[in-house]
Amino acid sequence: MKHILITTIAAMLLVGCAKNNIKLTNKGVKDWQEIEIKAGGQIFEVKQLKGRSTETLRFKSKAEDGGQVSGKLGDLAHKVEFGYFTPNLSTRHEIIFNDNGMITIVEEP
């Protein structure tokens with residue numbers, strides 16, 4: 001009986017641990033401003049991502065939905081959709097910001 005209880009608790013903990021990682025990488029030298037990431041039923045805001053820097057978001061999805069990232073480079077706003085998030089699966093993405101205004105999404109294994 002004790003073995004079944006321990007196995008059940010371990011299974012519940014593993015299901016509840018599905019986390020997502022989104023790495024933000026600025027490959028250019030220009031600073032990106034007002035970055036907003038929508039993913040897993042949540043919204044994350046990064047005021048500034050300096051040139052040649054990275055930042056990582058780790059979170060657990062609260063809802064099933066697609067992802068979206070937007071940000072400003074100078075006075076121009078840029079937006080890209082990416083991925084699909086669900087509370088039961090972990091995902092890893094890298095969002096790459098470039099000086100030409102391009103935002104590239106790389107899904108990592």
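Helices (H or I, at least four residues) and strands (E, at least two) are DSSP runs, numbered from the N terminus, and two strands count as paired if DSSP finds at least two bridges between them. The model shown here is predicted: local features need pLDDT of at least 70, side-chain atom pairs count only at pLDDT 80 or more, and totals for chains, interfaces and linings use all residues. Residues are numbered from 1 along each chain as its sequence is written, and side-chain values use heavy atoms, with hydrogens and water left out.

**View 1. The whole chain, with one helix and eight strands.** Welcome to the overview. Following the sequence, you meet the pattern α-β-β-β-β-β-β-β-β. Of the 109 residues in the chain, 33% are buried (under 20% relative accessible area with a 1.4 Å probe, protein chains only; exposed is over 50%, and partly exposed lies in between). The accessible surface, from the Shrake-Rupley method with a 1.4 Å probe, is about 7000 Å². Carbon and sulfur atoms account for 56% of that surface. Among contacts (heavy atoms within 4.5 Å) with a separation of 6 or more, 53% link residues 24 or more positions apart.

**View 2. An open sheet of four strands, ordered β4-β1-β7-β8.** The pairing in this sheet is mixed. Why does one side of β4 and of β8 lack a neighbour in the sheet? Strands β4 (54-59) and β8 (103-107) stand at the edges with a single partner strand each, so one side of each is left free of a neighbour there. On average, neighbouring strands of this sheet are turned by 15 degrees against each other, direction ignored (axes are lines fitted to C-alpha atoms, for helices over the stretch in contact, and angles run from 0 to 180 degrees between N-to-C directions).

**View 3. Strand β7 with its partners β1 and β8.** Six bridges pair β1 (residues 20-26) with β7 (residues 92-97) in the parallel sense; here Asn21 has Arg92 as its bridge partner. Five bridges pair β7 with β8 in the antiparallel sense, and Ile95 has its bridge partner in Ile105 of β8. The hairpin of β7 and β8 has five residues between the strands, and Gly101 takes a positive phi near 90 degrees in it.

**View 4. Ile22, a buried residue of strand β1.** The relative accessible area of Ile22 is 0%. Leaving aside neighbours within four places in sequence, the contacts of Ile22 include Ile37, Ala39, Leu57, Phe59, Phe82, Phe85 and Ile95. Ile105 is 83 residues away from Ile22 in sequence, while their C-alpha atoms are 9.9 Å apart in space.

**View 5. Asn20 and its polar contacts.** Is Asn20, in strand β1, buried or exposed? Asn20 is buried, with a relative accessible area of 0%. Its side chain makes a polar contact of 2.8 Å with the side chain of Ser61, and another polar contact of 2.8 Å joins it to the side chain of Thr91. A polar contact is a pair of N or O atoms within 3.5 Å; within protein, one must be able to donate a hydrogen and the other to accept it, and residues adjacent in sequence count only if both atoms are side-chain atoms.

**View 6. A second open sheet, ordered β3-β2-β5-β6.** The four strands here pair in the antiparallel sense. Strands β3 (42-49) and β6 (76-85) are at the edges, each pairing on one side only. Within the sheet, β2 (residues 32-39) and β5 (residues 65-73) are joined by four bridges, and Ile37 has Val69 of β5 as its bridge partner.
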